[in-house]
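Colleague: I am new to this structure and would like to learn how to read it. Could we go through its features in turn?

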Amino acid sequence: MGKKPKHERPEFDLPRPDAGAAPASMKEKEYRRLLRPLHVELVALQGWVKSSGARICIVFEGRDTAGKGGVIKAITERVSPRVFRVVALPAPTDREKSQMYVQRYLPHLPSGGEVVIFDRSWYNRAGVERVMGFCTEEEAQNFLQLVPTVERAIVDSGVILLKYWLEVSQEQQTLRLQSRIDDPRKIWKLSDLDLESYTRWYEYSRARDEMFHFTDTGWAPWYVAVNDDKKRGRLNVISHLLSQIPYEPLERPDITLPKRRGPHGYEAPRQPLHWIPTPY
């Protein structure tokens, strides 16, 4: 038998952020057309993860309104939550504050056959905690010095660790926050912390730059995605993510639906049921 051909990932002609003027916003129909084959690949990745026992950890960080939730939703839209597990931890409890800083994150790292996605992560210490004064400068510096060693241990244990930073322009951040104020469907996304953080653009820029300096390592590099156009940003992140994992799709079985068995005397009950109204 000949050698099995290597699985080829689909390629998408999406403009790079350095390719000149920003392209026009992508239309929903075009976005869905390009997203569909990426979803097929994510399902193939899921099958490989389950069968191989691989462990994948994906970290999403970025500015407020950078679109982390939308990217994560696009990744997980067509896969099983039992394989693709999203971790978005609340503020630490008093007990957790007394622990070693990374301690509350470690139990959420993937086991065999899991993909864990952190919607913000241990990098809170290098970003919002540092900028907003929720930790001391000494604590932030200790974190920056130590976290590469922790991530080296994670990678050396066999975990595939991917770290994404989503970047958004000042203009887009303003538009998105204003949209949260104006749209009653989005008001739950807006917090007092968001409003205070909005005034500190350059403090966050300095914190981001120093975080990259200390933690952009050969074993756990940062991948930066421009996300002013959310649809293009989601496609770019997913296609890059797939390119970083050496998965091979499982052979697809030939499935035919069997015939249904007969009623064998079954009769619908006469009990009146409470059907919901159908205004749509």
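Colleague: Where along the chain is His264 found?

Modeller: His264 lies in the segment after H9. Keep in mind throughout that this is a predicted model. The backbone at His264 has a positive phi of about 50°, although the residue is not a glycine.

Colleague: Is His264 buried or exposed?

Modeller: The reading rests on a cut-off: exposed means over 50% relative accessible area, and buried means under 20%. His264 has a relative accessible area of 68%, so it is exposed.

Colleague: Which other residue that is not a glycine has a positive phi, of about 70°?

Modeller: That is Thr65. Thr65 sits in the loop between S1 and H2. Its relative accessibility is 6%, so Thr65 counts as buried. A glycine with a positive phi can be seen as well: Gly53, near 75°, follows H1.

Colleague: Let us step back to the whole chain. How many helices and strands does the chain have?

Modeller: There are nine helices and five strands. Reading from the N terminus, the order is α-β-α-β-α-β-α-α-β-α-α-α-β-α. The C-alpha trace spans about 75 × 60 × 50 Å along its principal axes.

Colleague: What share of the residues is buried?

Modeller: Of the 280 residues in the chain, 40% are buried. The chain exposes about 18,200 Å², and carbon and sulfur atoms supply 54% of that area. Contacts can also be sorted by separation along the sequence. Among contacts with a separation of 6 or more, 78% are between residues 24 or more positions apart.

Colleague: Now the helices. How does the span of H1 compare with what its 25 residues should give?

Modeller: The idea is to multiply a rise of 1.5 Å a residue along the helix and compare the result with the end-to-end distance. H1 covers residues 28-52 and should span 36 Å; its end C-alpha atoms are 35 Å apart, which agrees.

Colleague: Where does H1 bend?

Modeller: H1 bends by about 25° at Arg36. A proline, Pro37, follows within four residues.

Colleague: Which residues of H1 are buried, and what covers them?

Modeller: The buried residues of H1 include Tyr31, Leu34, Leu35, Leu38, His39 and Trp48. Glu41 and Gln46 are also among them. The cover includes the helices H2 (68-76) and H9 (230-243). Strands S1, S2 (84-87) and S3 are also part of that cover.

Colleague: Next, the strands. Why is S1 described as largely enclosed?

Modeller: Count the buried residues in the strand. S1 runs over residues 55-62, and seven of its eight residues are buried, so the rest of the structure largely encloses it.

Colleague: Which strands are joined to S1 by bridges?

Modeller: S3 (residues 114-119) is joined to S1 by six bridges, and the two run parallel. S4 (residues 160-167) is joined to S1 by seven bridges, and these two also run parallel. To follow the pairing residue by residue, look at what stands opposite what. Phe60 stands opposite Asp119 in S3, and Ile58 stands opposite Leu162 in S4.

Colleague: How do side chains point along a strand, and what does Lys163 in strand S4 touch?

Modeller: In a regular strand, side chains alternate between the two faces of the sheet. Lys163 is in strand S4. Its relative accessible area is 0%, so Lys163 is buried. Leaving out residues up to four places away in sequence, Lys163 touches Val59, Tyr123, Glu151, Thr215, Ala220, Pro221, Trp222 and Tyr223.

Colleague: Which backbone oxygens does the side chain of Lys163 reach?

Modeller: The side chain of Lys163 reaches the backbone oxygen of Thr215 at 2.8 Å. It also reaches that of Ala220, at 2.8 Å.

Colleague: One last residue. Where is Met211, and is it buried or exposed?

Modeller: Met211 is in helix H8, residues 201-215. With a relative accessible area of 2%, Met211 is buried. Apart from residues up to four places away in sequence, Met211 touches Tyr123, Ala126, Leu144, Trp165, Asp216 and Trp222. For distance along the chain against distance in space, take Met211 and Tyr198: 13 residues apart in sequence, with their C-alpha atoms 19 Å apart.

Key. Residues numbered from 1 in each chain as written. Predicted model: local features only at pLDDT ≥ 70, side-chain atom pairs only at ≥ 80, totals over all residues. Heavy atoms only, no water. Buried < 20%, exposed > 50% of the residue type's maximum accessible area, 1.4 Å probe, protein only. Pairing = 2+ DSSP bridges. Expected span 1.5 Å × (residues − 1). Bend = angle between axes of the 7 residues up to and from the residue. Contact = heavy atoms within 4.5 Å. Areas by Shrake-Rupley, 256 points an atom, 1.4 Å probe, with all protein chains shown as cover. Polar contact = N/O pair within 3.5 Å; in protein donor to acceptor, adjacent residues only side chain to side chain.
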